[in-house]
Amino acid sequence: MAQTHFGYQTVDENEKARKVRGVFDSVASKYDVMNDVLSMGLHRAWKAYTVAVANVQPGQQVLDIAGGTGDLARAFAQRAGKEGRVVLTDINEAMLRTGRDRLLDQGLVLPTAACDAEHLPFASNSFDLVSVAFGLRNMTHKDAALAEMNRVLKPGGRLLVLEFSKPAAALQKPYDWYSFKFMPLMGKLIAGDEQSYQYLAESIRMHPDQATLKAMMQTAGFAHVDVHNLAAGIVALHAGIKC
Ligand SMILES: C[S@@+](CC[C@H](N)C(=O)[O-])C[C@H]1O[C@@H](n2cnc3c(N)ncnc32)[C@H](O)[C@@H]1O
């Protein structure tokens, strides 16, 4: 069995998927409040920026991968309108259920599918836009997931990857304190789960930096890959076009 990373641990590949599932099973019910606390509300601005770059038009077909509690899917659905279609997907049923219920409470019924981004159950060339926000980092075979995202996009369609990235050097020290002290502490106090937020900090450090992810997207068949640094590179939005 090949090995991979789960945060700073080296684990068997199938063990990683199980552990990632455990993290999101554990945090699903507190996911939204923890997002607001840990990012001090900034995740809303990062997602709003992503929605603006996406520029979804009425009638478009959109796939939100690792969509969790549905923030992006909701915003895209409002723009795609009745003639369009926005599909909310995630590998984790607890996250997907929380997202679907939240959307239903807001009067929005979206097609949802529990699926692994590495094996998408959709026809090739079927979406105008694919998005993945804060999800790629958790995937075992990121290259396989990016290739699948490319496959399901129509030629000329766009992939948007919003993810933690490598911040400017001046931020490194305070960011390390914030990540390894503050985040696990808040995880313990609010969600009763310190370990999942320790994993969050470690998984961010293990994720490819801006230039590496751009190269991975190009290898997966995306052209004109733009990198938008947000919050001095703490987060980056990568946008690529399927040729
Ligand atoms: C940090 S949450 C992000 C949720 C949402 N996109 C957001 O921005 O708030 C990461 C999500 O990635 C999902 N995920 C992890 N591995 C995945 C995979 N291989 N395929 C699809 N989703 C996956 C998790 O279940 C989790 O819901």
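This is a short dialogue about how to read the ligand site, a surface patch and the salt bridges of a predicted model.

Me: Where should I begin with the ligand, and which residues are closest?

Reply: A careful start is to list the residues around the ligand and then to look at single contacts. Here 20 residues surround the ligand, and the closest are Tyr 31, Ala 66, Asp 90, Ala 117 and Ala 133.

Me: Which atoms of Asp 90, Ala 117 and Ala 133 lie at these distances from the ligand?

Reply: For each contact, ask whether the protein atom belongs to a side chain or to the backbone. In Asp 90 a polar side-chain atom lies 2.6 Å from an oxygen atom of the ligand. In Ala 117, by contrast, a backbone N or O atom lies 2.9 Å from a nitrogen atom of the ligand, and a polar backbone atom of Ala 133 is 2.8 Å from a nitrogen atom of the ligand.

Me: How much of the accessible area of the ligand does the protein cover?

Reply: The ligand on its own has 600 Å² of accessible area, and the protein covers 96% of that area. Among the elements of the fold, helix H1 (13–27) and helix H2 (31–39) are the ones that give two or more residues to the shell around the ligand.

Me: How many residues of each class does that shell have?

Reply: Sorting by class, you will find eleven nonpolar, six polar and three charged residues in the shell around the ligand.

Me: Which residues form the nonpolar patch on the surface, and where does its largest share come from?

Reply: The patch is formed by Val 33, Leu 185, Leu 189 and Ile 190, which together have about 330 Å² of accessible area. Its largest share, three residues, comes from helix H7 (residues 172–191). Leu 189 has its place in helix H7, and this residue counts as exposed because its relative accessibility is 60%, where the cut-off for exposed is over 50%.

Me: How many salt bridges does the count come to, and how should I read a single one?

Reply: The count comes to eleven salt bridges. For a single pair, read the distance, then the positions of the partners in the chain, and then their accessibility. Take Arg 18 and Glu 15, whose side chains meet in a salt bridge at 3.0 Å, N to O. These two residues are three residues apart in helix H1, so about one helical turn separates them. Arg 18 counts as partly exposed at 47% relative accessibility, and Glu 15 is also partly exposed, with a relative accessible area of 26%.

Me: Which parts of the chain does the salt bridge of Arg 102 and Asp 32 link?

Reply: The side chains of Arg 102 and Asp 32 meet at 3.5 Å, N to O. This pair links distant parts of the chain, since Arg 102 is in helix H5 (residues 93–105) and Asp 32 is in helix H2, 70 residues apart. Arg 102 is partly exposed, with a relative accessible area of 21%, and Asp 32 counts as partly exposed at 22% relative accessibility.

Me: Is Asp 71, the partner of Arg 74, buried or exposed?

Reply: Asp 71 counts as buried because its relative accessibility is 14%, and the cut-off for buried is under 20%. Its side chain meets that of Arg 74 in a salt bridge of 4.0 Å, N to O, and the two residues are three apart in helix H4 (residues 71–80), so about one helical turn lies between them.

Me: Which residues are linked in a network of salt bridges?

Reply: Asp 32, Lys 47, Asp 71, Arg 74 and Arg 102 are linked in such a network.

Technical notes
Residues are numbered from 1 along each chain as its sequence is written. This is a predicted model: local features need pLDDT of at least 70, side-chain atom pairs count only at pLDDT 80 or more; totals for chains, interfaces and linings use all residues. Side-chain values use heavy atoms; hydrogens and water are left out. A residue is near a molecule or strand if one of its heavy atoms lies within 4 Å of it. A polar contact is a pair of N or O atoms within 3.5 Å; within protein, one must be able to donate a hydrogen and the other to accept it, and residues adjacent in sequence count only if both atoms are side-chain atoms. Accessible areas come from the Shrake-Rupley method with a 1.4 Å probe; for residues, only the protein chains shown count as cover. Helices (H or I, at least four residues) and strands (E, at least two) are DSSP runs, numbered from the N terminus. Ala, Val, Leu, Ile, Met, Phe, Trp, Tyr, Cys and Pro count as nonpolar, Asp, Glu, Lys and Arg as charged, and the others, Gly among them, as polar. Patches are made of residues with over 30% relative accessible area and no salt bridge: like charges are joined within 9 Å, nonpolar side chains (Val, Leu, Ile, Met, Phe, Trp, Tyr) within 5 Å. Buried means under 20% relative accessible area, exposed over 50%, partly exposed in between (1.4 Å probe, protein chains only).
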